[in-house]
Amino acid sequence: MKAIVIFYSRTGTTHSMAETIASTLTGEKFDVKLTTPEDVPVERLTDYDLIVVGSPTYYGTMAAEIKKVLDESIRVHGKLEGVVGGAFASSANRAGGNETTVLSLLCALLIHGMVIKGMSGGDHYGPVAVGSFDSTCEKECIRYAQELAALARKTRVD
Ligand SMILES: Cc1cc2nc3c(=O)[nH]c(=O)nc-3n(C[C@H](O)[C@H](O)[C@H](O)COP(=O)(O)O)c2cc1C
C-alpha cells in the first residue's frame, strides 16, 4: 500500500513529526513518499491509499504553502473519495492554535470525501507539537501513524 506524507516546516519541528510518521508507516509496510509542498505530485495523489498532511500553525491555521497544495488539489477533486487521511500540526504555544490548524487541514480532506481518523486517547484530532518535537509528540506521531495504517488496510478495496 502507498502513503504520502506532505509537510511544510521552516524550523524543523513539523519536519520531525513528518519523518516520524513516515518512518512508522514504512515500518507498517507502506511504500511512503515524504514530501514538501513544491514537490507534491498533485495529479498523482490518486495513487495513494493514505494521505497525511502537516503544517506549523501560522495565526491559528495552516501555513500558506500547505494551503496552496490543498487549493491545487482541486485538480483531483472527486477522485479521492474514501481515501484515508490524517493531519498533524505544530505551534509555539500550548493553546496557540495547533488544534484549529489540524481541524482546518482535516476539513479540506473531508471536502475531498476522504475518511479521517480521530484518536480516543492522547491528541484527539491528530498529533500536535508544542514548542518542540519531544518524546510525547513522538509517541503521538507513532500511534497516529499506526492507527492510520490499520484504517487504510481495513478500508482498502481491491
Ligand atoms: C508567521 C508565523 C505565524 C505563527 N503563528 C503562530 C500562532 O498563531 N500560534 C502559535 O502557537 N505559534 C505560531 N507560530 C510559531 C510556529 O507555529 C511554531 O514555531 C511551529 O512549531 C514552527 O514549525 P516548524 O519548526 O515546523 O517550522 C507562528 C510562526 C510564524 C513564522
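The secondary structure of this protein, a predicted model, comprises 4 helices and 6 strands. Read from the N terminus, these elements follow the order β-α-β-β-α-β-α-β-β-α. The chain thus named opens with a strand and ends with a helix.

The overall dimensions come next. Along the principal axes, the C-alpha atoms occupy a box of roughly 40 × 30 × 25 Å. The radius of gyration is 14 Å, which agrees with a compact globule, because a globule of 158 residues would be expected to have a value near 15 Å.

The interior can be described by burial and by contacts. Of the 158 residues in the protein, 43% are buried, where burial requires 20 or more other C-beta atoms within 10 Å of the residue's own. Among contacts with a separation of 6 or more, 78% join residues that stand 24 or more positions apart in the chain.

The remaining topic is the ligand and its surroundings. Which residues come nearest to the ligand? Of the 18 residues around the ligand, these are S9, T11, T14, P56 and G96. By class, the shell divides into 13 polar residues, 4 nonpolar residues and 1 charged residue. Two elements, α1 (13–27) and β4 (84–91), each contribute at least two residues to this shell. Of the elements, α1 gives the most, with 3 residues. The surroundings of the ligand therefore draw on both a helix and a strand, because α1 and β4 each supply at least two shell residues.

Technical notes
Residues numbered from 1 in each chain as written. Predicted model: local features only at pLDDT ≥ 70, side-chain atom pairs only at ≥ 80, totals over all residues. Near = placed C-beta within 6 Å. Nonpolar A, V, L, I, M, F, W, Y, C, P; charged D, E, K, R; others polar. Rg over C-alpha atoms; globule rule 2.2 N^0.38 Å. Buried ≥ 20, exposed ≤ 12 C-beta atoms within 10 Å, placed from the backbone. Contact = placed C-beta atoms within 7 Å.
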